[in-house]
Amino acid sequence: MSDVVYHTLMIIAVGEFSVGILGNAFIGLVNCMDWIKNKKIASIDLILTCLAISRIFLLCIILLDCFILMLYPDVYATGKQMRIIDFFWTLTNHLSVWFATCLSIFYFLKIANFFHPLFLWIKWRIDRVIPGILLVCLAFSVFISLPVTENLNDDFRLCVKSKWKTNLTLRCRENKAQYASIKVYLNVLTLFPFSVSLISFLLLILSLWRHIRQMQLIATGARDPSTDAHMGAMKAVISFLLLFIAYYLSFLIATSSYFMPETELAVMIGELIALIYPSSHSFILILGNNKLRQASLRVLHKVTHILKKRNF
């Protein structure tokens, strides 16, 4: 890889990382300050805070992996460092996906209009069980991460800059099947929460369609708060689904890079795509949440006022 391409990719990675840290840290800071002030935290704020924290760690792990891959590739020559990185990436990845799924389910339960007894029973009790559900997501993510790292003996990153070592290259080729099965298994597990979010989105569409029909029957042309709530929740869920698809494709790029000649470049491109998901989704959540949106406007107003006073 040429120096120009290398420096360009690193600048893009640092830029995406900075944007993601800014958005997720803002979400966590605003909700934590409100928690301290009011001595309690709403369920939606708790989910958003946990999601933001998990994505901050995910961003740090991805950027760290980029730097190690480019600057200190020999670190991956020992299994210990490689397994530490893989453990935390797997953990934060699953946490981020599961917390986003919890957010999708919460939006669905709070906004959708269904009258099935089971739906109403869950809807009335969701606020009480949210902390427990988040803890279960954490425990499940740790459970998934621990055994997986024990099996990562020849991760594709170990082969990235060591292709001149004949023994290592042969060993990598011999373990292609094992490597591919582990990586596929890892990401197939994330398809379940993705499917749950997709079902929540489809049910929200059904609820919105039924609500619009009811509004037409009573002959009102104005958009009511319920319609606005449906649209806001659908935007948040569909943005997660689309960005997660891009994130999933980044995994496929990184995985297929194992079989490509330009392995290092393919891995870097895959990780740059992976950074888009935790970085950009935070700003969509800020714009879709009234409290966070108002807080961001106040911050922008103060920053603009300070810059004007300093004649910028």
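Okay, let's start with Asp34: its relative accessibility is 23%, so it counts as partly exposed. Before I go on, keep in mind that this is a predicted model.

So what does Asp34 do with its side chain? It forms a salt bridge with Lys291, and the closest N and O atoms there are 3.3 Å apart. Asp34 sits in helix H1, residues 3-38, while Lys291 sits in helix H9, residues 290-309, so this pair ties together parts that are 257 residues apart in sequence. Lys291 itself is partly exposed, with a relative accessible area of 27%.

Now, Lys291 has another partner. Its side chain also meets that of Asp45 in a salt bridge, at 2.7 Å, N to O. That one again links distant parts of the chain: Lys291 is in helix H9 and Asp45 in helix H2, 246 residues apart. Is Asp45 buried or exposed? Its relative accessible area is 8%, so Asp45 is buried. Put those pieces together and you get a network of salt bridges linking Asp34, Asp45 and Lys291.

How many salt bridges does the structure hold? Three. The one I haven't shown you yet is between Lys110 and Asp127, where the closest N and O atoms are 2.7 Å apart. Here Lys110 is in helix H3 and Asp127 in helix H4, so the parts being tied together are 17 residues apart in sequence. As for accessibility, Lys110 comes out at 35% and counts as partly exposed, and Asp127 is partly exposed too, with 36%.

While we're on helix H3, let me point at Arg83, which lies in that helix. Arg83 counts as partly exposed, at 29% relative accessibility. Take Arg83 together with Leu146: they're 63 residues apart in sequence, and C-alpha to C-alpha they're 9.7 Å apart in space.

On to the rings. For anyone who doesn't stare at these every day, a pair of aromatic rings is described by how far apart the centres are and by the angle of the planes. The structure holds four aromatic pairs. One of them is Phe87 with Phe88, an edge-to-face pair with 5.0 Å centre to centre and 75° between the planes. These two are neighbours in numbering, but look at the accessibility. Phe87 is at 17% relative accessible area, so it's buried, whereas Phe88 is at 38% and counts as partly exposed. The cut-off that matters there is 20%: buried means under that.

Next up, Trp98 and Phe140. Their ring centres are 5.6 Å apart and the planes are at 80°, so this pair is edge-to-face. It links distant parts of the chain, with Trp98 in helix H3, residues 79-111, and Phe140 in helix H4, residues 117-150, 42 residues apart. Trp98 is buried, with a relative accessible area of 15%, and Phe140 is partly exposed, with 33%. Which residues make up the aromatic cluster here? Trp98, Phe140 and Phe192 form one cluster.

There's also a ring with a charge over it. Arg55 lies over the face of Tyr277, at 4.7 Å from the ring centre. Arg55 turns up again in the surroundings of His281, so let's go there. His281 is found in helix H8, residues 263-288. Its relative accessibility is 1%, so His281 counts as buried. And what is His281 in contact with, leaving aside its neighbours within four places in sequence? The answer is Arg55, Ala236, Ser239, Phe240, Leu243 and Ile276.

Last stop, the outside. Val14, Phe67, Leu71 and Tyr72 make a nonpolar surface patch of about 350 Å². Of that group, I'd like you to click on Leu71, which lies in helix H2, residues 43-71. At 41% relative accessibility, Leu71 counts as partly exposed. Helix H2 is also where we met Asp45 and its salt bridge to Lys291.

To recap, then. We've got the network of Asp34, Asp45 and Lys291, the cluster of Trp98, Phe140 and Phe192, buried His281 with Arg55 among its contacts, and the nonpolar patch that includes Leu71. And again, all of that is from a predicted model. Okay, that's me done.

Definitions and conventions: Residues numbered from 1 in each chain as written. Predicted model: local features only at pLDDT ≥ 70, side-chain atom pairs only at ≥ 80, totals over all residues. Heavy atoms only, no water. Helix = DSSP H or I, 4+ residues; strand = E, 2+ residues; numbered from the N terminus. Buried < 20%, exposed > 50% of the residue type's maximum accessible area, 1.4 Å probe, protein only. Contact = heavy atoms within 4.5 Å. Patch = residues over 30% accessible without salt bridge, like charges linked within 9 Å, V, L, I, M, F, W, Y side chains within 5 Å. Areas by Shrake-Rupley, 256 points an atom, 1.4 Å probe, with all protein chains shown as cover. Salt bridge = Lys/Arg side-chain N within 4 Å of Asp/Glu carboxyl O. Phe/Tyr/Trp six-rings, centres within 6.5 Å; stacked < 30°, edge-to-face > 60°. Lys NZ or Arg CZ within 6 Å of the ring centre and 35° of its normal.
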